[in-house]
Amino acid sequence: MGLGGCIILIAAGAILTFATDWEVEGANLDVIGVILMAVGFIGVATFTSIARRRRVVVPPSTPVVEDRPNHRTYE
């Protein structure tokens, strides 16, 4: 799940928890919304920690040699 999916989970959970007053028999939508938000926050934290590890820049193992043009003088 990418970062967008995690944000969608957070938004859907917040909508279920704070913006609805529906009554569903056998389910508490407030608890479901909190669970969705928690899963979304855990996903965001996991995604950012993995993305941070991927961005580590490793210096090249061989030296970089710049090409210089040959300037020959003809006499």
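A residue is termed exposed when its relative accessible area is over 50%, and buried when that value is under 20%. The legends below refer to a predicted model.

**View 1. Ile-8, an exposed residue of helix 1**. Ile-8 has a relative accessible area of 59% and is therefore classed as exposed. The residue lies in helix 1. Its C-alpha atom is 9.2 Å from that of Met-37, a residue 29 positions away in sequence.

**View 2. Overview of the protein.** The fold contains two helices and zero strands. Helix 1 comprises residues 3-19, and helix 2 comprises residues 29-54. Of the 75 residues, 17% count as buried. The exposed surface of the protein amounts to about 6,700 Å², of which 62% is supplied by carbon and sulfur atoms. Among contacts with a sequence separation of 6 or more, 50% are accounted for by residues 24 or more positions apart.

**View 3. A nonpolar surface patch made by Leu-3, Ile-7 and Phe-47**. These three residues form a patch of about 240 Å². Leu-3, which belongs to helix 1, has a relative accessibility of 33% and so counts as partly exposed. That value satisfies the requirement of over 30% relative accessible area for patch residues.

**View 4. The surroundings of Thr-17 in helix 1**. Thr-17 counts as buried because its relative accessibility is 15%, which is under the 20% limit. Two polar contacts of its side chain are shown. In one, a polar side-chain atom of Thr-17 lies 2.9 Å from the backbone oxygen of Gly-13. In the other, the side chain of Thr-17 reaches the backbone nitrogen of Val-34 at 3.3 Å. When residues up to four places away in sequence are set aside, Thr-17 touches Asp-30, Gly-33, Val-34 and Met-37. Val-34 thus appears both in a polar contact with the Thr-17 side chain and in this list of touching residues.

**View 5. Thr-20 in the loop between helix 1 and helix 2**. With a relative accessibility of 18%, Thr-20 counts as buried, although its place is in the loop between the two helices. A polar atom of the Thr-20 side chain lies 2.9 Å from the backbone oxygen of Leu-16.

Notes
Residues numbered from 1 in each chain as written. Predicted model: local features only at pLDDT ≥ 70, side-chain atom pairs only at ≥ 80, totals over all residues. Heavy atoms only, no water. Helix = DSSP H or I, 4+ residues; strand = E, 2+ residues; numbered from the N terminus. Buried < 20%, exposed > 50% of the residue type's maximum accessible area, 1.4 Å probe, protein only. Contact = heavy atoms within 4.5 Å. Areas by Shrake-Rupley, 256 points an atom, 1.4 Å probe, with all protein chains shown as cover. Patch = residues over 30% accessible without salt bridge, like charges linked within 9 Å, V, L, I, M, F, W, Y side chains within 5 Å. Salt bridge = Lys/Arg side-chain N within 4 Å of Asp/Glu carboxyl O. Polar contact = N/O pair within 3.5 Å; in protein donor to acceptor, adjacent residues only side chain to side chain.
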